[in-house]
Amino acid sequence: MIENIKAFLGDFFVTGDPMIYGADVSIALASIAIVVTLTYFKKWRWLWDEWLTTVDHKKIGIMYIIAALLMLFRGGVDAILMRTQLALPNMNFLDADHYNQIFTTHGTIMIIFVAMPFIFGLMNIAVPLQIGARDVAYPYLNALSFWLFFFGAMLFNLSFVIGGSPDAGWTAYAPYAGPELNPSSVGQNYYYIGVQISGIGSLMTGINFLVTIAKMRAPGMTLFKMPMFTWSILITSLIIIFAFPTFTVTLALGLFDHLLGTHFFTIGGGGSPMLWANLFWFWGHPEVYIVLLPVFGIFSEVIATFAHKTLFGYATMVCSMVAISILSFLTWLHHFFTMGNTAPVNAFFSLSTMLIAIPTGVKIFNWLFTLNKGRIEFTTPMLWALAFIPNFTIGGVTGVMLAMAPADYQYHNSMFLIAHFHSTLIAGTVFGVFCGLHYWWPKMFGYLLNEKLGKWSFWVFMISFNVCFMPMYFLGLMGMTRRMYTYPAGLGWGPVNFIITIGAFGMGVGFVIMAWNIVWSAIKGKRDTTGDPWGGRTLEWSIPSPAPEYNFAHIPKVTTRDAFAAMKEDKKRGREQKPKPFEPIHMPNNSGIPFIMSALFFVAGFGFVFKWYWMGIPGLIGVAICMIARSFVYDDHHHIPTDEIERTERATGRLS
Amino acid sequence: MIKEYKNTAVKPEPKGFPWKQVVGLFLSLALTFLALWVALGLSLPVPITLTVIVGLAIIQALIQLFMFMHFTEGTDPSHQMMGIAFGLFVAFAMVAGTLWIMAFML
């Protein structure tokens with residue numbers, strides 16, 4: 001009996017690696033610290049009422065960003081472990097299995113649990129404010145999206161201490177990920193189920209923001225008067241809605257292969273391993289644009305604001321994004337040119353991939369022309385935006401090199417490819433979300449991040465990024481391929497790898513400075529009393545910082561692009577509108593169901609990971625009960641009375 | 001009193017029993033089990049089985065559109081048409097693309 005329990009626990013928990021034991025201890029200590037702190041300060045009620053049950057888009061946005069920063073830390077630690085292992089030839093810091101698990105979790109976490117939620121966080125905060133709305137179209141669904149992402153991420157992260165991490169790469173290619181070569185299934189199930197749960201949330205976010213932008217714009221804001229960030233989110237939502245269902249089905253089929261013994265992607269039994277790559281990238285390539293287009297929007301806002309000009313080429317910006325959204329569904333094969341397709345197939349996808357460089361190039365030139373003759377102000381968000389242009393262009397140009405199918409046979413899966421996609425994802429997405437974070441921070445919290453620390457973190461991170469990824473292109477051309485856990489001495493790779501590792505640690509330092517900036521500014525940061533610290537052009541800067549619960553005391557009327565810039569101009573010329581009396585504001589009620597339902601998804605998911613149907617099926621029944629319970633909630637809104645609005649507005653100095 | 005513009009997306013649903021959705025649910029279930037029965041219960045030749053279940057899938061997609069997805073409602077039909085057109089484009093890209101890519105091993 002005791003032997004049985006011992007054997008079970010030995011399989012259940014990951015054992016044998018001192019670093020994992022260290023992680024066990026730190027997880028336990030952190031959990032205890034959180035529970036003790038909340039209990040000691042009697043904050044449980046506050047946590048539940050203000051955060052866990054909230055449907056306020058601003059609070060949901062903040063939670064998304066906190067979760068994304070925590071996941072960025074985890075993904076970053078993974079990266080640093082990998083780079084330490086590769087710093088010198090024949091290193092024994094990680095063994096092969098552990099290295100495989102780490103590059104798998106690094107990729108999955110960075111894409112699914114950092115890039116996506118960071119962008120969702122920023123769009124939750126900015127989009128309703130930019131279009132003059134009081135919340136998103138479906139606030140309850142929004143909370144559900146967040147909690148599904150959160151519990152999906154937690155389930156996936158549990159894998160490295162309980163049961164073992166997936167090790168088939170973030171792309172989880174069959175047949176290695178399949179049941180034939182991965183018979184224990186547990187790690188791979190974590191991937192299928194954790195990503196699936198969070199993917200359901202992503203799909204709902206896409207629907208939510210499409211409807212929000214389509215239906216809830218302030219009067220007068222026609223489509224072509226929307227801020228560019230809102231445009232980018234509209235297009236992104238469209239791509240999410242059409243790309244994510246493919247991924248949902250693909251993950252489900254992969255899971256069926258493990259749980260039910262089906263043969264979709266197996267080698268035997270009529271399955272096709274290549275079909276996994278095909279379906280995965282049919283989602284995976286549009287996904288690249290899901291994490292890029294929003295940051296194009298952020299850069300458009302930031303560059304226009306700090307060049308003190310309207311954005312150059314508004315209509316061509318929109319057309320480029322529409323073109324990208326269509327082309328993004330026609331290029332997926334370039335991820336597996338070398339898998340044995342016929343020449344005409346490779347030629348078509350080669351061309352369609354190069355075509356995408358045209359609308360992207362148009363956007364780059366539009367940003368440059370926006371800067372042209374502008375009064376450029378070098379704030380931290382602007383530095384991130386300016387650094388984006390050259391660094392991202394290098395990633396884009398090497399992308400065109402990779403797009404040439406015959407040449408790709410040389411570059412494929414070499415470190416050249418790794419350098420390419422990090423140049424686009426870091427110089428694009430990461431610079432972009434950091435830019436947006438600094439830019440909208442005062443709107444979220446009512447104080448600014450410190451500029452000096454912000455610039456330090458920018459320079460350290462940006463220079464280290466180049467130290468890390470510039471040599472990597474050459475390392476790829478020297479023949480080193482991705483996913484090698486070690487390499488022999490004498491190939492000339494050692495010094496280059498060592499430089500790359502220095503860069504990786506430098507990026508870690510940059511991140512730590514940014515984290516320190518957040519802590520420092522929370523205590524001593526400059527208050528934003530005006531609500532418009534940057535001289536903004538769009539509606540989010542017309543309201544106090546942090547935005548009140550109802551966002552706009554009066555819904556603004558929009559007549560032009562850059563609506564707030566026009567309002568400020570009107571005010572200067574003394575054409576200000578008379579304030580109208582307040583009216584009670586209709587707001588959605590908080591609800592605990594999204595949290596509970598997502599927690600039950602977590603329980604069900606955990607059960608299915610271990611094929612414990614006694615746990616998985618009741619979990620799903622619980623999910624169904626939550627849905628039924630929600631359908632009987634009739635009292636789902638309340639009104640904020642006028643005297644409360646008056647009090648809030650007076651407190652921010654908006655009423656005299 | 002000045003009537004202020006309220007930008008909320010959701011208008012209150014008309015009260016009453018949701019017959020349309022209930023009928024849609026049962027039709028969808030029936031079609032799903034019918035497809036299962038055609039595939040597993042009948043031993044028709046494969047091309048005929050495929051044709052029949054694809055036909056059933058198209059009927060079910062139409063049921064989804066009309067009974068659940070408010071296809072006939074809304075103020076601006078051009079939005080609906082753009083959505084459908086983009087959906088058809090993506091579906092075509094995926095199915096035709098996959099067949100073309102994987103043709104070498106069929």
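A salt bridge is taken here to be a side-chain nitrogen of Lys or Arg lying within 4 Å of a carboxyl oxygen of Asp or Glu. By this criterion, a search of the whole structure, which is a predicted model, finds nine salt bridges over all chains. Three of them are described below, followed by one helix of chain A.

In one of these pairs, A:Arg45 is joined to A:Asp49, with 3.1 Å between the closest N and O atoms. Both residues belong to helix α3 of chain A, which covers residues 44-52, and because they stand four residues apart in this helix, about one helical turn separates them. The surroundings of the two partners can be described by their relative accessible areas: A:Arg45, at 60%, is exposed, whereas A:Asp49, at 31%, counts as partly exposed.

A further pair with a spacing of four residues occurs in helix α20 of chain A (residues 642-651), where A:Arg650 and A:Glu646 are likewise separated by about one helical turn. The salt bridge between A:Arg650 and A:Glu646 has its closest N and O atoms 3.2 Å apart. A:Arg650 is partly exposed, with a relative accessible area of 43%, and A:Glu646 is also partly exposed, with a value of 33%.

A salt bridge is also found between A:Glu569 and A:Arg573, for which the closest N and O atoms are 3.3 Å apart. Of these two residues, A:Glu569 is partly exposed at a relative accessible area of 32%, while A:Arg573 reaches 56% and therefore counts as exposed, since the cut-off for that class is over 50%.

Attention may now turn to helix α5 of chain A, which spans residues 96-130 and contains 35 residues. The distance from the first C-alpha of α5(A) to its last is 49 Å, which is close to the 51 Å expected at 1.5 Å a residue. The helix nevertheless contains a kink of about 35°, centred on A:Ile109. Most of α5(A) is covered, as 31 of its 35 residues are buried, that is, they have a relative accessible area under 20%.

The two ends of this helix can also be described. At the start of α5(A), a side-chain oxygen of A:Asp95 comes to within 3.2 Å of the backbone nitrogen of A:Asp97. Beyond the other end, α5(A) is followed by A:Gly132, a residue with a positive phi, near 70°.

Methods
Residues numbered from 1 in each chain as written. Chains lettered and ligands numbered in written order. Predicted model: local features only at pLDDT ≥ 70, side-chain atom pairs only at ≥ 80, totals over all residues. Heavy atoms only, no water. Buried < 20%, exposed > 50% of the residue type's maximum accessible area, 1.4 Å probe, protein only. Expected span 1.5 Å × (residues − 1). Bend = angle between axes of the 7 residues up to and from the residue. Polar contact = N/O pair within 3.5 Å; in protein donor to acceptor, adjacent residues only side chain to side chain.
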